[in-house]
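Got a few minutes to look around a protein model? Open it up, give it a spin, and then read on.

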Amino acid sequence: MLHREIEPPEELQDTIKCFWYDSRDVGELVSGFEVMPDGYAEIIFHFGSGCSISYDGGLQPLPSPFMVGLLNQPVHFYTKNRLEIIAIRCFPWTVFDLLGLQPGKKAYTYLNTRSPRSSLR
């Protein structure tokens, strides 16, 4: 596993704690990993074999990007083969305004990445 964190430019430091990259190669079988609450909200872009979360007794694939809000307990994600993540760790008081979202109780949120221009086609 490889993990790197990059400081944001000075003009974004009041909104974004850091940018980070994570790469893991877990093999052909589905493998889980736990994310502990850290007091930040994160915008996650993932590449590779995909990323899922346990939901209603099964694994629910997550889109890229998705958002992980403020956690009050650990959350478990699942993947297989190779997973790469590029993410933005935001201060909790800024992420919802930044994205124009309402706070919710789910551990993750789907983000609509369609531009207004694409809906005109």
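Here's a quick tour, from the overall layout down to single residues.

Keep in mind that this model is predicted. The protein chain has one helix and eight strands, and 33% of its 121 residues count as buried.

**Overall layout**
- Starting at the N terminus, the elements come in the order β-β-β-β-β-β-β-α-β.
- If you follow that order along the chain, you go through seven β entries, then the α, then one last β.

**The largest pocket**
- The largest pocket holds about 360 Å³ of space.
- It is lined by 21 residues, and those closest to its centre are W20, F33, V35, E42 and I44.
- Four elements each give two or more residues to this lining: β2 (16–35), β3, β6 and β7 (75–90).
- Which element gives the largest share of the lining? That's β2, with six residues.
- General background: rolling a probe the size of a water molecule over the atoms shows where empty space is left.

**A nonpolar patch on the surface**
- F45, F47 and I86 make up a nonpolar patch on the surface, and together they have about 260 Å² of accessible area.
- You can find F47 in strand β3, which covers residues 41–48.
- Is F47 buried, exposed or partly exposed? With a relative accessible area of 42%, F47 counts as partly exposed, because that value falls between the 20% and 50% cut-offs.

**Cysteines, but no disulfides**
- A bit of chemistry first: a disulfide is a covalent bond between the sulfur atoms of two cysteines.
- How many disulfides does the structure hold? Zero.
- Why doesn't C18 take part in one? The closest cysteine sulfur to that of C18 is in C90, 9.4 Å away, so it's too far for a bond.
- To count as a disulfide, the two sulfur atoms would have to be within 2.5 Å.
- Turn it around and look from C90: its closest cysteine sulfur is the one in C18, again 9.4 Å off and too far for a bond.
- C18 is buried, with a relative accessible area of 5%, and C90 is buried too, at 0%.

**A buried loop residue**
- L62 sits in the loop between β5 (58–61) and β6 (66–68).
- Is L62 buried or exposed? L62 counts as buried, because its relative accessibility is 5% and the cut-off for buried is under 20%.
- L62 and Y78 are 16 residues apart in sequence, and their C-alpha atoms are 10.0 Å apart in space.

Terms used:
Residues are numbered from 1 along each chain as its sequence is written. This is a predicted model: local features need pLDDT of at least 70, side-chain atom pairs count only at pLDDT 80 or more; totals for chains, interfaces and linings use all residues. Side-chain values use heavy atoms; hydrogens and water are left out. Patches are made of residues with over 30% relative accessible area and no salt bridge: like charges are joined within 9 Å, nonpolar side chains (Val, Leu, Ile, Met, Phe, Trp, Tyr) within 5 Å. Accessible areas come from the Shrake-Rupley method with a 1.4 Å probe; for residues, only the protein chains shown count as cover. A salt bridge is a side-chain nitrogen of Lys or Arg within 4 Å of a carboxyl oxygen of Asp or Glu. Buried means under 20% relative accessible area, exposed over 50%, partly exposed in between (1.4 Å probe, protein chains only). On a 1 Å grid over the protein atoms alone, a cavity is a set of points where a 1.4 Å probe fits but cannot get out, and a pocket is an open set with protein on both sides within 12 Å along at least five of seven lines; lining residues have an atom within 4 Å of a point. Grid points are joined across faces, edges and corners, and a volume is the space filled by probe spheres set on the points.
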